[in-house]
Every structure is written in structure tokens, then in C-alpha cells.
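Notebook open, structure loaded. I'm jotting down what I look up as I go.

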Amino acid sequence: MVLTTNAGLPADALRERGCPLVNLDVMQENDMLKQVMRAHMMRKGYSVNEVVRKQIAEKTSLHDESCLFLTVLLEETSQLAMNQHLKGVQTVDSYLTMMQADNLASLLDFVIWRWEGLYDRLWPGTIREVLTLVAASRFGLSEHEILRISPDMPRVALTHFLNCASYYFYWYRGFVNIRHAALRRAAESRFLPTRAERQAVHRRLGKYFRSLP
């Protein structure tokens, strides 16, 4: 017996497999969206006006990946709000571009595009290096390993990026890894679209680890 409070694609797949499924339906979708938005904003310590809140809720309700889609939208909205004072950062244009995303993949591609716009101005190639190396690793990499594999990358660039993008990564025993498989796929699609490119990154990692004593 499987109990769920949120109907969707996973629940439909279980039903197709003949699994006994009970939908408790604790809260309606709009109530769930409100709770997720409230919790995320409290954690980040910011608020959005009612117009933006309604736009995000309406955008999210159109997608099956509603929870992750919603939290990424909220995370990016908070980041845009915090970066609006930076010279050269067009907050309104970035927000409008973000709201054009019609699925999770295109939304995460926007996220990577925003990171490149922020960091490549000072440290070109940082985002590509970090994402491709971590995405290609099996269990993640330590900051020390990333810097050894990419000796031209400034430590301040890596540390600042991982700190600002902490929502998208997790640390375990000193290793940093990508939190969501969807972001890993987005990074590979943007930077490693071919098998040859993915193999090249794996060879870089292999060469580094073989060089260790």
C-alpha cells in the first residue's frame, strides 16, 4: 500500500504498475504552492510582491514537475532581488527571460546562463569548468580537487560561486555534488552535448586521479 498526498506522474506510474495507491489529498494544489512559497521565502529571508507571487503560482501550476519548478523559480527570484544593485545586471530583463521558461530543463538552462553572466565577466570559464567537472564525477569532488584539476581557476571564484549557488549543490564528507539530477542534465546539455565531449571530461578526471601517489 502506497500513501500519497500529491497526485501526479509518479502516482500515475504506480497505478499503471498495479500498485495499491491511496491519495490522502491533505491539501489542494493552491494551498500546497502557498505553503512551499512561504517556507522557501522564510528560509531565504525575503518576500515578493503579490503580482510576482501570482505570476510564479500560475507558471508553476502548468507543469508536472511543480515542486522543483516552483522552488527554482523562487530561488532565482530571490537571487535576482539580491543582485539588483550589481552594475551591469539587468534584473527586470532577467526576470522576464526566466518567466519565458516553459519546462524545468529550459528554466535550469536560464539558471546556468545567469551564472555565466555573473561570473564570466571576472573569471571566464568558471561556470563551465565547475559544472562539467562535478557533473562528470561519480560521487562529487572536493574544492581542492577542482582547483587541482583546473589550476587557472581562482579559489575565490570557486568558493564564491558554490556559496551563492548553495541551493543547487550539497556537500558530503568534504565533497560537493549537484543536488538535482535535472541540473546535471542541463549542464551536460549546455556544455557536453556530444559523447566525445563527455568522454574528454572523464579522461581529464581519470588523468588527475591516476597522477595521485
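Started with Asp 109, which I find in helix 6, residues 104-119. This is a predicted model, so I'm reading computed values throughout.

Buried or exposed, I wondered about Asp 109? Neither, as it turns out: its relative accessibility is 31%, and because buried means under 20% and exposed over 50%, Asp 109 goes down as partly exposed.

I also checked Asp 109 against Met 98. The two sit 11 residues apart in sequence, and their C-alpha atoms are 9.5 Å apart in space.

Next, the helix pair. I looked up helix 7 (residues 126-136) and helix 11 (residues 195-210): their axes come within 9 Å and cross at roughly 80°. That crossing makes helix 7 roughly perpendicular to helix 11, since angles of 65 to 115 degrees fall in that class. Which residues make the contact? From helix 7 I listed Arg 128, Glu 129, Thr 132, Leu 133 and Ala 136. From helix 11 I have Glu 197, Val 201, His 202, Arg 204 and Leu 205. Sorted by class, this contact of helix 7 with helix 11 comes to 4 nonpolar, 4 charged and 2 polar residues.

Last stop, the strands. Strand 3 (residues 169-172) and strand 4 (residues 175-178) run antiparallel, joined by 4 bridges. I looked for the partner of Trp 171 in strand 4 and got Val 176. The two strands, 3 and 4, form a hairpin with 2 residues between them. In that turn I noted Arg 173, with a positive phi of about 55°.

Technical notes. Residues numbered from 1 in each chain as written. Predicted model: local features only at pLDDT ≥ 70, side-chain atom pairs only at ≥ 80, totals over all residues. Heavy atoms only, no water. Pairing = 2+ DSSP bridges. Axes fitted to C-alpha atoms, helices over the stretch in contact; angles between N-to-C directions. Parallel < 35°, antiparallel > 145°, perpendicular 65-115°, else oblique. Contact = heavy atoms within 4.5 Å. Nonpolar A, V, L, I, M, F, W, Y, C, P; charged D, E, K, R; others polar. Buried < 20%, exposed > 50% of the residue type's maximum accessible area, 1.4 Å probe, protein only.
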